[in-house]
Amino acid sequence: MRSRWRTATMAAGWAFPADWQLAEVDEVCAVMLGAADPGDALVRLGRARAEAGAGLSETLLDLAALHAVLTEGTAMVGADVDALPARMLRMTALGWADVITKQVGSCASEDPLTGLATAAYLRTRLGEVYRELSVPSAVYLLVLLRLDLSQATGWSRVVAMTLLSDAMRTVFDGGETLATIGPGVAAVLTRRDDVLARQISNLRVLAADSLAVDPHVRPTGPADVWIERLPATHAEACTLITALGR
């Protein structure tokens, strides 16, 4: 079972094959092959995945691969998170969330699902910019990205935002502030420079390619990408962030 599970997970797009095997994987396999309740084992698996750095979307995709193997009996199956039994999903997600909640308590400036900074952190960073510069808009601007999450259901929403955040980090890798500011909306606080136009173009292409990989998240794209000029004051900038996040 473990071999078929791993094969199905890798085929579904597990990013780091070397990190997949955990002691908790063997525990889950043993329980699934027996008659015991798998709830506790799934909670421990969720915790172990979170502690190893796996995101919720990746953890649930792995779980969906296991469910597909259990129901179909072969590794040549599609991992469908939306097909997961509610209790199986809930127990694994509870274990994952338990670890993330503890981490959030010591690192409240980061969104645990996407790894992007929070809107609160972006407001703090903007405050620093406005104190540093008399005319911040001459040096900085905001790049905004929006997905149409009304076209996605269930965990597909989380997956879509995770894919978008990965694209943002790939393109803006020079110390810019990347933040999630609302459902389906993310922002980059970046300097005006000669490469900005190319970065925005690359972001559009990379975001489109990332969303196209998964048919469940493809309808959320293409991502709208545009530029917002910074207002005259920090208070106005905070108001703008709130409005853009809605």
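1. In this predicted model, Trp5 and Trp20 are both buried. One aromatic pair is counted in the structure, and the rings of Trp5 and Trp20 form an edge-to-face arrangement, because their centres are 5.3 Å apart and their planes stand at 90°. An angle over 60 degrees between the planes is what places a pair in the edge-to-face class. Since Trp5 belongs to helix α1 while Trp20 sits in the loop between α1 and α2 (23-33), the pair ties together parts that are 15 residues apart in sequence.

2. Helix α1, which also carries Trp5, packs against helix α4. The two helices, spanning residues 2-12 and residues 56-72 respectively, meet at an angle of about 130°, and their axes are 8 Å apart. The pair α1 and α4 is therefore described as oblique, given that angles over 145 would count as roughly antiparallel and those from 65 to 115 as roughly perpendicular. The handedness of this crossing is right-handed.

3. On the α1 side of that contact stand Arg4, Trp5, Ala8, Thr9 and Ala12, which meet Leu61, Asp62, Ala65, Leu66 and Val69 of α4. Sorted by class, the residues joining α1 to α4 are seven nonpolar, one polar and two charged. Trp5 is thus named both in the contact with α4 and in the aromatic pair with Trp20.

4. A second helix packing involves α2 and helix α3, the latter made of residues 39-51; here the angle is about 160° and the axes lie 9 Å apart. Because angles over 145 degrees count as roughly antiparallel, α2 and α3 are roughly antiparallel to each other. The crossing of α2 with α3 is left-handed, whereas that of α1 with α4 is right-handed.

5. From α2, the contact with α3 draws on Glu24, Val25, Glu27, Val28, Val31 and Met32, and from α3 on Ala41, Leu42, Arg44, Leu45, Ala48 and Arg49. By class, eight of the residues in the contact of α2 with α3 are nonpolar and four are charged, with no polar residue among them.

6. The loop between α2 and α3 contains Ala35. Is Ala35 buried or exposed? Its relative accessibility is 84%, so Ala35 counts as exposed, the cut-off for that class being over 50%. From Ala35 to Ala54 the separation is 19 residues in sequence and, C-alpha to C-alpha, 28 Å in space.

Methods: Residues are numbered from 1 along each chain as its sequence is written. This is a predicted model: local features need pLDDT of at least 70, side-chain atom pairs count only at pLDDT 80 or more; totals for chains, interfaces and linings use all residues. Side-chain values use heavy atoms; hydrogens and water are left out. Axes are lines fitted to C-alpha atoms, for helices over the stretch in contact, and angles run from 0 to 180 degrees between N-to-C directions. Helices (H or I, at least four residues) and strands (E, at least two) are DSSP runs, numbered from the N terminus. Angles under 35 degrees count as roughly parallel, over 145 as roughly antiparallel, 65 to 115 as roughly perpendicular and the rest as oblique. A crossing is left-handed if the near helix is turned anticlockwise from the far one by less than a right angle, and right-handed if clockwise. Contact means heavy atoms within 4.5 Å. Ala, Val, Leu, Ile, Met, Phe, Trp, Tyr, Cys and Pro count as nonpolar, Asp, Glu, Lys and Arg as charged, and the others, Gly among them, as polar. Rings of Phe, Tyr and Trp (its six-membered ring) pair if their centres lie within 6.5 Å; planes under 30 degrees apart count as stacked, over 60 as edge-to-face and the rest as tilted. Buried means under 20% relative accessible area, exposed over 50%, partly exposed in between (1.4 Å probe, protein chains only).
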